[in-house]
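Biologist: Please take a close look at the salt bridges in this model. Where do their partners sit, and what else is worth inspecting around them?

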Amino acid sequence: MKALIPVFFLGLFTTAEAQTIKFVTEEYPPYNFSTVNGPSGAAVDQVKLIMERLKLPFTIEVLPWARAFAQAETDPDSCVFTTGHDAERDKKFLWVEPLLIDHMVMVRHANSDISPASLEAARQYTIGTQREDFSAAYLVEHGFPKIDYAANLDSSLKKLIAGRVDLMMTSEKTFESMRAEGKPVEAALTLEGKLYGIACHRNMPRSKIAAMQHELDRLIGNGTQDAIFKQYGLTPNASLQAEK
């Protein structure tokens, strides 16, 4: 019966429901980033495969994160990714996940001796993050008094390297990518694992959400998602799931 499900979903999208889905994301390599040929990355590739399989019209645009996030909150035809799923965001969106499972990590400059042993110890430092980012909400929720907000990941990284912030928050996979690119960064404190996915406007038809979820489940189940991660030099999700 499972093999029949995609055909059923496709049959639902032959009229007005075939409205173009506008996916918005940010510059956050290796998951989402701009190239001369358009958006690319480990998360972008998954979204493209999902939508190509469903044969639904779609666009993918790279925007500043705060603008992308706001669009998914206000435009019924929009979805934002790669979005950390937490309690505050849970009821704001409809979710298709996981595009990835990852740990958050506080990163320091390679020449720094900052080494907090716990979340409590890290509160004395100025932490860089991006506006409306999952990590920003995490820092606020956990009572960090000195949060430095930037427009994007690259700006936060430049501040860290220049010594304008003590630490910055990112995902462990993004940190691995930074190290592979030769960026002068080191892990200072690894935090808990989180789910990241596609967050769609609450008025997106449930049939579309279910169809996208089915296709993502298929990518995960047949090993395509892990193969995509390996192409970008990332640890497969399966390995992280086994650690939990």
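Modeller: With a relative accessibility of 25%, E186 is classed as partly exposed. The model is predicted, and what follows is computed from it. The partner of E186 in a salt bridge is R108, and the closest N and O atoms of the two are 3.0 Å apart. E186 belongs to strand β10 (residues 185–201) and R108 to strand β6, so this pair ties together parts that are 78 residues apart in sequence. R108 is buried, because its relative accessibility is 15% and the limit for buried is under 20%.

That pair belongs to a wider set, since a search of the whole structure gives nine salt bridges. Another of them links the side chains of K22 and D75, at 2.5 Å from N to O. Here K22 lies in strand β1 (residues 21–25), while D75 is in the loop between α3 (65–74) and β5, so parts that are 53 residues apart in sequence are tied together. In this pair K22 is partly exposed, at 30% relative accessible area, whereas D75 is buried, at 16%. A further salt bridge joins E181 and K183, with 3.4 Å between the closest N and O atoms; K183 is partly exposed, its relative accessible area being 29%. R53, E215 and R218 form one network through salt bridges that share partners.

Strand β6, which holds R108, also matters for the nonpolar interior. The largest nonpolar core contains 58 residues, and F23, F81, M106, I198 and M212 have the most contacts inside it. The largest share of this core comes from β6, with eight residues. A second core, separate from that one, has 10 residues, including F69, A72, W95 and A199. For F23, the contacts beyond its neighbours within four places in sequence are V47, M51, F58, T59, I60, E61, C79, F81, I198 and M212.

F81 leads on to the backbone. The peptide bond from F81 to T82 is cis, with omega near 0°, and T82 is placed in strand β5. A cis peptide bond also joins E97 and P98, where omega is about 0°; P98 is placed in strand β6.

T82 returns at the cavity. The structure holds one cavity of 30 Å³ or more, and the largest cavity contains about 170 Å³ of space. Its lining has 18 residues, with Y28, T82, D133, F134 and Y196 nearest the centre. Two or more lining residues come from each of β5 (78–84), β6 (93–109), α6 (134–141) and β9 (167–171). By type, the lining divides into eight nonpolar, seven polar and three charged residues.

Two charged residues deserve a check of their backbone. E132, in the loop between β7 (127–130) and α6, has a positive phi of about 65° although it is not a glycine. Its relative accessibility of 43% makes E132 partly exposed. K55 also has a positive phi, about 60°, without being a glycine, and its place is in the loop between α2 (42–54) and β4 (58–62). K55 is exposed, because its relative accessible area is 68% and the limit for exposed is over 50%.

Methods
Residues are numbered from 1 along each chain as its sequence is written. This is a predicted model: local features need pLDDT of at least 70, side-chain atom pairs count only at pLDDT 80 or more; totals for chains, interfaces and linings use all residues. Side-chain values use heavy atoms; hydrogens and water are left out. On a 1 Å grid over the protein atoms alone, a cavity is a set of points where a 1.4 Å probe fits but cannot get out, and a pocket is an open set with protein on both sides within 12 Å along at least five of seven lines; lining residues have an atom within 4 Å of a point. Grid points are joined across faces, edges and corners, and a volume is the space filled by probe spheres set on the points. Helices (H or I, at least four residues) and strands (E, at least two) are DSSP runs, numbered from the N terminus. Ala, Val, Leu, Ile, Met, Phe, Trp, Tyr, Cys and Pro count as nonpolar, Asp, Glu, Lys and Arg as charged, and the others, Gly among them, as polar. Buried means under 20% relative accessible area, exposed over 50%, partly exposed in between (1.4 Å probe, protein chains only). A nonpolar core is a set of buried Ala, Val, Leu, Ile, Met, Phe, Trp, Tyr and Cys residues joined through side-chain atoms within 4.5 Å. Contact means heavy atoms within 4.5 Å. A salt bridge is a side-chain nitrogen of Lys or Arg within 4 Å of a carboxyl oxygen of Asp or Glu.
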